Amino acid sequence: MIEDIGNLFHGFAVVAQPFNLLLMVVGIVLGVIVGVLPGLGGANGIAILLPLTFSMSPTSAIIMLSCIYWGALFGGAITSILFNIPGEPWSVATTFDGYPMAQKGQAGEALTAAFTSSFVGALFAVIVITLVAPLVASFALEFGPPEIFSVYFLAFCSFIGLSKEPPFKTLASMMLGFGLGAVGLDQMTGQLRLTFGAEQMLNGFDFLIAVIGLFGIGEILLTMEEGLSFRGKSAKLNMRVVLHTWKELPRYWMLSLRSCLIGCWMGISPAGATPASFMSYGIAKRISKRGHLFGTGEIEGVVAPETAAHAAGTSALLPMLSLGVPGSPTAAVLLGGLLIWGLQPGPLLFTEQKDFVWGLIASMYMGNVVGLIIVLTCVPLFAAILRIPFSVIAPVILVFCAIGAYTVHNNTFDVVMMVVFGVAGYLMKKTDYPLAPLVLAIVLGDKAEEGFRQSLLASQGNLSVFWSSGLVSTIMGLGLIALFWPMIHGLWTRLRGGKKDMGVAG
Amino acid sequence: MSESVNETGGTGPSHRGVEIGVAVSIAILAIIGIYGSLQVGIGWASDGPRAGFFPFYVSLIVLLSSAINFTQAFLAPADGRVFAEWGQLRQVVSVLVPTIIYVAVIPYTGMYVASAVLITFFMRWFGRYNWVSAVAVGVGMPILTFFMFEVWFLVPLPKGPLEHMLGY
């Protein structure tokens, strides 16, 4: 523990180098812009900018990328409150009370509340990461192939059982991701599979292309349905409003704490930031004395989802760093980046790449502080970006997506694939097929398969290897519980004799 | 976002129809996956599962899930809910088609020229800007991008005959 505090300070020293500080500021500004613009969400923005960081050292690169991440988290709140357009899926809950507040002329209060809550949530999660990550990492050294596979199993089952999308669509989406990830060279036998003789399929489907297509192009196509205009409330953020709101906020410390815990819990499990924000909003609505006013512009209705979403988004990095299992699509992209740089997430990362890990964690602290400052001072600027007519912004975004897709492998075929993924993403989003499991499966597919096959290799094909030790059985058991949760929950409610005669609540 | 469709009461392809279509398309992908897996073998070799083992079962699960999704969509009552109004679809296609052309053309004209045309087209067609503004931004953006990527980031992007003529 003492050693880790020492490591943390060493990490701060790494971050405090001028180049890295510059990258931080650039990253946050880029991140907010990315979060504010449709089609360039957090995961997509990082995916596009990832190849550009290949020339930097991994530590500097991840500092910039994670700052883009924070920026995007902040940016999503701006569009939610001012324009009633959630910049990110997890900002949807913020629109419920944020936009009404803006309509009542309280945009400044709403924005301050949102940014400060995000800061608090993220900070809480970073502290949790600082304390818990090394513990989990050392614990993870006990993991053999069956244990590793069981963790992936748990992650994927959580998606199916705990997300609000229909389970069989989640299952189809996820398995499709595995299938797509399997295309190309098979690592263990050296054979080419599912390529059907096409040369371009040699490298398979890169997750970056999938992310840019699904989340980027797909999002733009979706936005096009609504036509080409953004009409929003203007916002000026002067210090008086900020200080006034800050005086108000400590009243809600209980709400904040509760939201932080919800967020951290959901972030660490692969559920992610979106369910965290909804859950937090729902619980706050039920518990708060002003719950019945939620939806008309209650400040609590902004604090709850924002705190939870940011806590979740940040704590999603915990399983990614210590176990190599990302808790969200954006964490999945960051994980992919780590793999490209040759860094292996997991326990070895903490022992062999101390500079990197603690530099990243230190940058999370500083990034949030810097982010809060930048965002509080620059809101009118960022809001102004959305006033640029869509007819100018849309093609520019398309160009950047295309550039992003191309620079991954210097391959124009990938740009074509991006458009295909874009159409697929549009159709899937509209028919309620979740995209996150698809992306996670493409990123993790190879590793999960490797764990599976190595386990079976050692056990001569005997599936009981997944129940062989206490650890692996526990995790597999949790996975099965998560998988069948809706049924278990429904049964439980029925057994307790629900108040209304309604049965399964889902 | 699709909720507003019902309020305005426009017509369009039915939601149910598209759901069925998506389920069928995914099922077709699954069948391709099964076929491809069989090609490399799905059984057990001396040193463990063969290359097609994992993709085969994965594709099988996709196929079964799609069958369930198909059945659920099929059996759901036709509630008249539209997938999207024709007007909305027209807007979507009006962005999709230029994008497809843009992407198809990149290998031949290079990315910068293609981007210039795309931006100019968008500004002119959708934004109804006059030619001067449209061309100014349409040409300005790629030039800016050129300096950002080629010179600063040292990341090469596809180039076409125009750039070759200029000596790049």
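**Exercise 1. Layout of chain B**

Task: State how far apart the C-alpha centres of domain 1 of chain B and domain 2 of chain B lie, and describe how chain B is built.

Solution.
- Step 1. The C-alpha centres of the two domains of chain B lie 35 Å apart. The model is a predicted one.
- Step 2. Place the domains along the chain. Domain 1 of chain B covers 3–75, and domain 2 of chain B covers 86–166.
- Step 3. Count the elements. Chain B holds 7 helices and 2 strands.
- Step 4. Read their order. Starting at the N terminus, chain B runs α-α-β-β-α-α-α-α-α.
- Step 5. Check burial. Chain B has 168 residues, and 34% of them count as buried.
- Step 6. Check contact range. Take contacts in chain B between residues at least 6 apart in sequence: 61% of these join residues at least 24 apart.

**Exercise 2. Profile of chain A**

Task: Give the element count of chain A, its buried share and its share of long-range contacts.

Solution.
- Step 1. Chain A has 22 helices and 2 strands.
- Step 2. Of its 506 residues, 63% count as buried.
- Step 3. Among contacts in chain A between residues at least 6 apart in sequence, 79% link residues at least 24 apart.

**Exercise 3. Helix 15 against helix 20**

Task: Classify the packing of helix 15 of chain A and helix 20 of chain A, then list the contact residues.

Solution.
- Step 1. Two numbers are needed: a packed pair is described by the angle between the axes and the distance between them.
- Step 2. Here helix 15 (residues 329–340) and helix 20 (residues 436–458) of chain A pack at about 15 degrees, with axes 9 Å apart.
- Step 3. Apply the cut-off. Angles under 35 degrees count as roughly parallel. Helix 15 and helix 20 of chain A are therefore roughly parallel to each other.
- Step 4. Add the hand. The crossing of helix 15 and helix 20 of chain A is left-handed.
- Step 5. Name the residues. Helix 15 of chain A supplies Pro329(A), Ala332(A), Leu335(A) and Gly336(A); helix 20 of chain A supplies Ala436(A), Val439(A), Leu440(A) and Val443(A).
- Step 6. Sort them by class. This contact has 7 nonpolar, 1 polar and no charged residues.

**Exercise 4. Helix 9 against helix 20**

Task: Do the same for helix 9 of chain A and helix 20 of chain A.

Solution.
- Step 1. The angle is about 170 degrees, and the axes of helix 9 and helix 20 of chain A are 9 Å apart.
- Step 2. Angles over 145 degrees count as roughly antiparallel. Helix 9 and helix 20 of chain A are therefore roughly antiparallel.
- Step 3. Phe207(A), Ala210(A), Val211(A) and Leu214(A) of helix 9 meet Val439(A), Ile442(A) and Val443(A) of helix 20 in chain A.
- Step 4. The contact of helix 9 with helix 20 of chain A divides into 7 nonpolar, no polar and no charged residues.

**Exercise 5. Where chain A touches chain B**

Task: Break down the side of chain A that touches chain B by element and by class.

Solution.
- Step 1. The contact takes 51 residues from chain A and 53 from chain B.
- Step 2. Elements of chain A giving two or more residues are helix 8 (167–182), helix 9 (207–224), helix 18 (390–409), helix 19 (412–430) and helix 20.
- Step 3. Helix 18 of chain A gives the largest share, 11 residues.
- Step 4. By class, this side of chain A has 33 nonpolar, 10 polar and 8 charged residues.

**Exercise 6. One glycine**

Task: Is Gly6(A) buried or exposed?

Solution.
- Step 1. Locate Gly6(A): helix 1 (residues 2–15) of chain A.
- Step 2. Gly6(A) has 11 other C-beta atoms within 10 Å, so Gly6(A) is exposed.
- Step 3. For scale, Gly6(A) and Leu180(A) are 174 residues apart in sequence and 43 Å apart in space, C-alpha to C-alpha.

Terms used
Residues are numbered from 1 along each chain as its sequence is written. Chains are lettered from A and ligands numbered from 1 in the order in which they are written. This is a predicted model: local features need pLDDT of at least 70, side-chain atom pairs count only at pLDDT 80 or more; totals for chains, interfaces and linings use all residues. Axes are lines fitted to C-alpha atoms, for helices over the stretch in contact, and angles run from 0 to 180 degrees between N-to-C directions. Helices (H or I, at least four residues) and strands (E, at least two) are DSSP runs, numbered from the N terminus. Angles under 35 degrees count as roughly parallel, over 145 as roughly antiparallel, 65 to 115 as roughly perpendicular and the rest as oblique. A crossing is left-handed if the near helix is turned anticlockwise from the far one by less than a right angle, and right-handed if clockwise. Two residues are in contact if their C-beta atoms, placed from the backbone, lie within 7 Å. Ala, Val, Leu, Ile, Met, Phe, Trp, Tyr, Cys and Pro count as nonpolar, Asp, Glu, Lys and Arg as charged, and the others, Gly among them, as polar. Domain bounds come from an automatic or database domain assignment. A residue is buried if 20 or more other C-beta atoms lie within 10 Å of its own, exposed if 12 or fewer, and partly exposed in between; C-beta atoms are placed from the backbone.
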